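Work through the exercises below with the sequence and the coordinates open. Try each task before reading its solution.

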Amino acid sequence: MVNPLYLIAVFLAGAFLVPFVDKADRRISLGIFYLALAASVGLSLARLMQADFTAMTESQVFTAGFGAPLSIALGFGFKEAILLSFVNIMGLLAGLYLAKRLARESVQSISLLLLLLLGANGLILTRDIFNGFVFLEILSIATYALIGLKSSKNAMAAGFKYMLAGGLASSFFLIGIAFAYRYTGTLNIDTWINMGVLMSPGYRIALYLIIMAIVIELKPFPANGWALDVYQSAHSGIAAVISTINTGALLFFFYKLLPLLPAEFMPLLAGAGLISFFFSNLVALRQKNAGRLLGYSSTAQTGLIIFVLTGLSGFNLSQSSILMIAAGLFVTNFFAKSGLFWLAGLIKKETTKSWSVLSKNSLLLALFGIFILALTGFPPFPSFFAKVELVRALAGNGAWVSLSALLAGSLLEAVYLLRWLGFAVKKNEEDALIETMPIPKLVSLMFGTVLMILVSLLITTKVYHLSSGMMYPLMAFLAFMIIDFLPMKTKGFIAIGLIAYWGWMFFWGKLLGIGSLFGIILIGGSLVQIFGFMHYKDNKAGLFPLLVMLIFSLGNLLQACTKLEFFLTWEFMTLSSYLLILRGKHAQKAALTYILFSLSGAYLILTGLVLSPSFYHKIPVYLLSDMIQMGLPAAIFLGIGFLIKLGALGVHIWLPESYTEAEDEFTSIMSSVLSKAGVFGLLIVLIMAKDALVANGLITGALGWLGALTAFFGALMAVFQEDVKKLLAYSSMSQLGYIIMGFALMSHLGWVSGLYLAFNHLFFKALIFMAITGVILRTGTRNMYEMGGLIKKMPISFISVLMGIIAVSGVPPLSGFGSKWFIYTSLIEQGHYFQAGLAFFASAIAFLYLYRLIHTVFLGQAKPAQKDVKEAPIWLIIPQAVFIMVIMGISMFPNYITKPISSAVSGFITKPDWLSWTGYNITLASPVLHGNWNGNLVMMVTMGVFGIPLVWLLLVNARVQKVKQFNIVFAAERPDKPWTTHFAHNMFAHYKKALGWLITPKITEFWNNVTEWTHSIAATLSYIYTGNGQTYLLHIFMYVLVIFIIGGVR
Amino acid sequence: MIILIHGLMLIIIGIWAMLTRKNLIRIIIGFAIVDTGINLVLVAIGYIKGKTAPIINDAVSTAQGAAAGMQAVDKVVDPVPSALVLTAIVIGLAVTALMLAYAIRMHKTGRSLNIDDFEEQKW
Amino acid sequence: MSFATKLMLSFLSLGVITIWGLTLNGIVAKIFARVQGRLGPPFWQPFIDIIKNNAKRTTVSHGIMFYLGPVFRIAGGIGTYMFIPAVLGSVMFSNYSVSGDVFLVMYFIFFGQLGMALGAGEGGHPYSAIGVARGLAQMTAFEVPFALSVISLAVQYHTLNITEIVMAQQGSILNWTLFTNPLAVIAAMIAMLGMTMYNPFSVVIAPQETPIGPPTEYSASFLGLLATNRGIFNAAKLVLFMNLYFGGATNIISMLVKTFAIYMFSVFVGVAFPRFKTEDSIRFFLKVPALLGALAIVVWLI
């Protein structure tokens, strides 16, 4: 076993040697410095490699040849070894990062950095409380002095405040030790633990003071004003050290002391930690200074770890799983936070907004993105698993208040972190390129990032045993990152080939029932649309990796078996789609809204998953769904989560924004494929909670009305849009409303109608979006009134849109009518007459926006500016052609789609006898409703009645005289500027007059108010940080006192 | 007992000074007073009746491990604290010195010794 | 029955309804003229117009969609009729009603309207688009009472099949929907006022402001097709109403009489009232008629 004393010796020797040799040459002293750091890393790693990790006491080392408490005991077990490895590696990286600075500054700073590490190492190793005090002070004094490295007024002030706070905390600590010694007669922590908790109130107060001193050092809200100042003004390298090494050592010391504490302390500490987590994140909302923001984030994360260490002790959890959660959070924060501080030091921009300089440097931007996403808790980073486990522990034990605080806090954290990411990707012409990039700083950054990713992958595979299939999205992402330099078309074909191969190997013929339906939608639907991306001439960096990752995660939804796999896949999907949206030119705000709603949805889904009965291994979720019956609470959580993804009325406001602002080709996938993931989820929930839902009709009734209102308001809002993509976005929302309505019926016919529409929606919406993508590409605008008469220039696109709108509107003979017929009959059959009535109204309204879409873009008067517009590129036409053929096919032969859907649904709800197919005729002979639809015959008749007049017209009208577009008779005159007569802008003014009051943006207003109020509260709360050192001292004093009184420590 | 009360009084006086005085030097003096108070408290309650001085003889087992240690401290006063109290005094000195150094540099950069003049970072 | 025979019979059926529809239009034009104190054209004027229009030598086209617009329009008219059984029990007049139920008919009505709207749109005349925008807006509104009324029938008769609905009304005049479900009939008849686009819902055509609305740019054989369709389409809708609400018809005479009578309702209202603005007609349909439609359903639920 490696003797821990070597560690202490290395640092001490280094710290004392450096000033001596510095007289000779700075290079020698720096050499010794790095040698010491490397030696410490080596020692801790060597200990980690040893296999003799047994009981705690076995790894103790006693100094001076005596047993404790006659000597100081040092513990060097597995936990210590891991933490020390991290801390010392970080020390090395921090030393590297500061290399230039250290070469310039006085030699003392080199010694101080070594002393700081000495303090941290000692604090982690020691098992003696007074010894702990000594190391704590060494750590603190070194830190105080290092803050002075930057001799600005603010840094000085911050350092002084820090010293005051630290001094007060040490005073508490010492007084506590003194009194505790009075009761125990020893200072050895293990001896104290063995004694058990003494009943004497004095002893408890002493313990309280000791633990609170450590808590104060961990910077809890609201007693942390001094710490924020330090983060804001200290040198970035030092701030990184404080937020990682200092915090790590202190947290471990805190953890060491926990067994001493009486059980009633735990909820107090847990509460303090959670409050710190929530409020730090809340106050951070208004913060514009990058360093201070990172400070808030650090204190929040520390608070969360305190909560984990103390709050979970009451639950039925093993020590090691609690530690695993804490470690997951800690490690992520450890690497991500240091990385962010280093980045801050590299780009030297104070406000978060000015971080847009990163958009010019893709390497730094990628690193920044990784750090932010890791902190937000996305997979595969350890914080994701930690949060999943945490939610599982809390929800599983009914700790609802804690759970809400945790999730709300996490959401607030996501708000400011991802907003920051939004700032960073925003292209700003004024920003200059970052030219000076010191190599040592970059090396630290890169090395830290690589380490974080390695640790993440290690945890993912070794601890959570995720199958490699679940990691395909990530692998695909990395693989495409490597080949990202290839031209677009090559990448496109590789992607198509890869996904087709994957689909063939893992899905084709292997999926059953609804699985195969969704396999076609999710994988097939996206596969066709990849063509659409291939028209770009320039190499769109990062597009294909994300796109492929998204498609793989969509496919994996069908492969996922356990809850963790399902949720992981879901988060991969959310993550990749968010980043894809963020690629839009002006999509920062929209992407933020999208990810916040998605994250809220994901949290609800996670909670629902925890509450639902456990899943079986090796059986995909969609197959499993019939074997499990969950209760209503789980179903409601899951259901709301998926409804958010669907953009149901009330939580829809992310939808139009993000559809509009995402890149045009991707909007097509979002609308046609991605939204079906929500459909899939909702259907799974309905299947899994079938018994409970059928027993309680209220919820499905409400769901049905929600669907109907979504359909209605979506259509109505689409009518009044000038932006073509927004119009289509609302149209998608409306269509998804019909799907919800069908599913809510919980009947065979209802589910058939929902699924039939899901298919149709994929085909026609992708068709329209692809065509419109071409139009936007060629005209360069999204405003429909700026277009017109494009039918002559883009005839194929026109045909696509024409087919699309006929299918959307449900006009026979195209397949859209089938969805209308199914939905009305299923609603009426189940007695939902008024929902059917509202659906009818919504479908009629659809004609308004569909006519507007096709007329203002393709018909009417052409704009002179667009007279040279060409047809869309072939790559956009290919998917359109495919979808047109599919629509024609299923319109002609509806059985190919209706029958498989019906048989898939009959796995869950038996097909009633009164629903039958004779040839192409679907007959409905229920006792309450008769009806029929023969799609094939309708098609034939329509072709007949269309063909005959056409032939007639061609015969009588042989000599038709073609005239120019502008040749119209307008009030008996030829208008001077005919294009000004294009009837497009505010087309349905009369409709707005009549029904416009229905769409006053009440819901948007509500969400804006929520945002506004949260920010106002955050701003108000932030005023407690007055900047005055004495006020901060008072905060600390009051903090200790208030918790003492609340907790009633006696 | 008197020492203990004196020590606690010094702590309170010191904290009061830290909280109310505006001059940096006075705040540091307040901190020094707290420090002294704490050391007094340590001296006052560190003495444990009925045990001998920590000198190793046959009566004291030197075996390692917490249980043996417990046995040992039944007979002798734990020697570690007294050693560490010395350290604490030194640490107090160091912190005070560092604070004073800070005060000097703050005066240099901020041209003031009033703590209210160092409030630029807030919210 | 062979495919060819069926096709022949359908043509016959179509011929009958075309002649009857055009005649009805002529009669109505006459009535309007008389009410307004004019002599008016003879009732066979529509036939003359059609022949004349088709015989025109020159015709103007703005493009393919413009060309196809009237085809869509008349296909919509014929198709609508083809999916309705016009006379109960008659093989000839059963048309292709086995293709679907009343929803098919209701949606096929849109086929012609949509195609026409697109054709007119390519014409590039603002009046066309204005007319279409108005017509669509008004359509969404009157669809509500009509749809509710049809749903009420589904509740009443447990079927959407038109033939079955007609069957259920046989036996006595008191079995007609008119007497068994008067609320639904009232709602539907008001909706029909909107469909026929006579006053007070004539803002789509609005002769004084937008010459004739959507067909503004159409001439010659295009106009001929449109005029033919006006006869077929009107008659088809009348037949639909007759089937749903007035006991259907068991022979051709009763079909002619009933459709004439139903038509006269909207004509009488049309001559007596001034015109609504678009937004007013939308509000109108969504108030009392929609409420009546809803009541018609509620009545059957109690």
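The model is predicted.

**Exercise 1. The sheet in chain A**

Task: Determine the strand order of the open sheet of three strands in chain A, and the sense of the pairing.

Solution:
- Start with the order. The open sheet runs β3-β4-β5 in chain A, and its pairing is antiparallel.
- Next, find the edges. β3 (915-918) and β5 (929-934) of chain A are the edge strands, each pairing on one side only.
- Then take the twist. From one strand to the next it averages 15°.

**Exercise 2. Registers and turns**

Task: How many bridges join β3(A) to β4(A), and over how many do β4(A) and β5(A) pair?

Solution:
- Take β3(A) and β4(A). These strands run antiparallel and are joined by four bridges.
- Fix the register. T918(A) lies opposite N921(A) of β4(A).
- Look at the turn. β3(A) and β4(A) make a hairpin with two residues between them. In that turn, G919(A) has a positive phi of about 60°.
- Move on to β4 (residues 921-926) of chain A. This strand pairs with β5(A) over six bridges, in the antiparallel sense.
- Fix this register too. S926(A) faces L929(A) in β5(A). A925(A) has H930(A) as its bridge partner in β5(A).
- Check the connection. β4(A) and β5(A) also form a hairpin, with two residues between them.

**Exercise 3. A lysine in a loop**

Task: Is K964(A) buried or exposed? Locate it along the chain as well.

Solution:
- Place the residue. K964(A) sits in the loop between β6 (960-962) and α39 (989-995) of chain A.
- Count its neighbours. K964(A) has 9 other C-beta atoms within 10 Å.
- Apply the cut-off. A residue is exposed if 12 or fewer such atoms lie within 10 Å. K964(A) is therefore exposed.
- Relate it to G273(A). K964(A) and G273(A) are 691 residues apart in sequence, and their C-alpha atoms are 75 Å apart in space.

**Exercise 4. The nonpolar core**

Task: Which residues touch the most other members of the largest nonpolar core?

Solution:
- Take the whole set. The largest nonpolar core has 555 residues.
- Pick out its best-connected members. V308(A), A839(A) and I854(A) touch the most others.
- Follow I854(A). Leaving aside residues up to four places away in sequence, I854(A) touches V801(A), L802(A), I805(A) and L859(A), and also L118(C).

**Exercise 5. Where chain B meets chain A**

Task: Which helix of chain B gives the largest share of the side that touches chain A?

Solution:
- Count both sides. The contact takes 46 residues from chain B and 57 residues from chain A.
- List the helices. On the chain B side, α1 (2-20), α2 (24-46), α3 (66-75) and α4 (79-110) each supply at least two residues.
- Rank them. α4(B) gives the largest share, 16 residues.
- Sort by class. The chain B side has 31 nonpolar, nine polar and six charged residues.

**Exercise 6. The fold of chain C**

Task: Why is chain C described as being as compact as a globular protein of its length?

Solution:
- List the elements. Chain C has twelve helices and one strand. Its pattern along the sequence is α-α-β-α-α-α-α-α-α-α-α-α-α.
- Compare the radii. Chain C has a radius of gyration of 19 Å, close to the 19 Å given by the globule rule for 302 residues, so chain C is as compact as a globular protein of that length.
- Add the dimensions. Along the principal axes, its C-alpha atoms fill a box of roughly 60 × 50 × 40 Å.
- Add burial. Of the 302 residues in chain C, 65% are buried.
- Finish with contacts. Among those between residues at least 6 apart in sequence, 79% join residues at least 24 apart.

Key. Residues numbered from 1 in each chain as written. Chains lettered and ligands numbered in written order. Predicted model: local features only at pLDDT ≥ 70, side-chain atom pairs only at ≥ 80, totals over all residues. Core = buried A, V, L, I, M, F, W, Y, C linked by C-beta atoms within 7 Å. Buried ≥ 20, exposed ≤ 12 C-beta atoms within 10 Å, placed from the backbone. Contact = placed C-beta atoms within 7 Å. Pairing = 2+ DSSP bridges. Axes fitted to C-alpha atoms, helices over the stretch in contact; angles between N-to-C directions. Nonpolar A, V, L, I, M, F, W, Y, C, P; charged D, E, K, R; others polar. Rg over C-alpha atoms; globule rule 2.2 N^0.38 Å.
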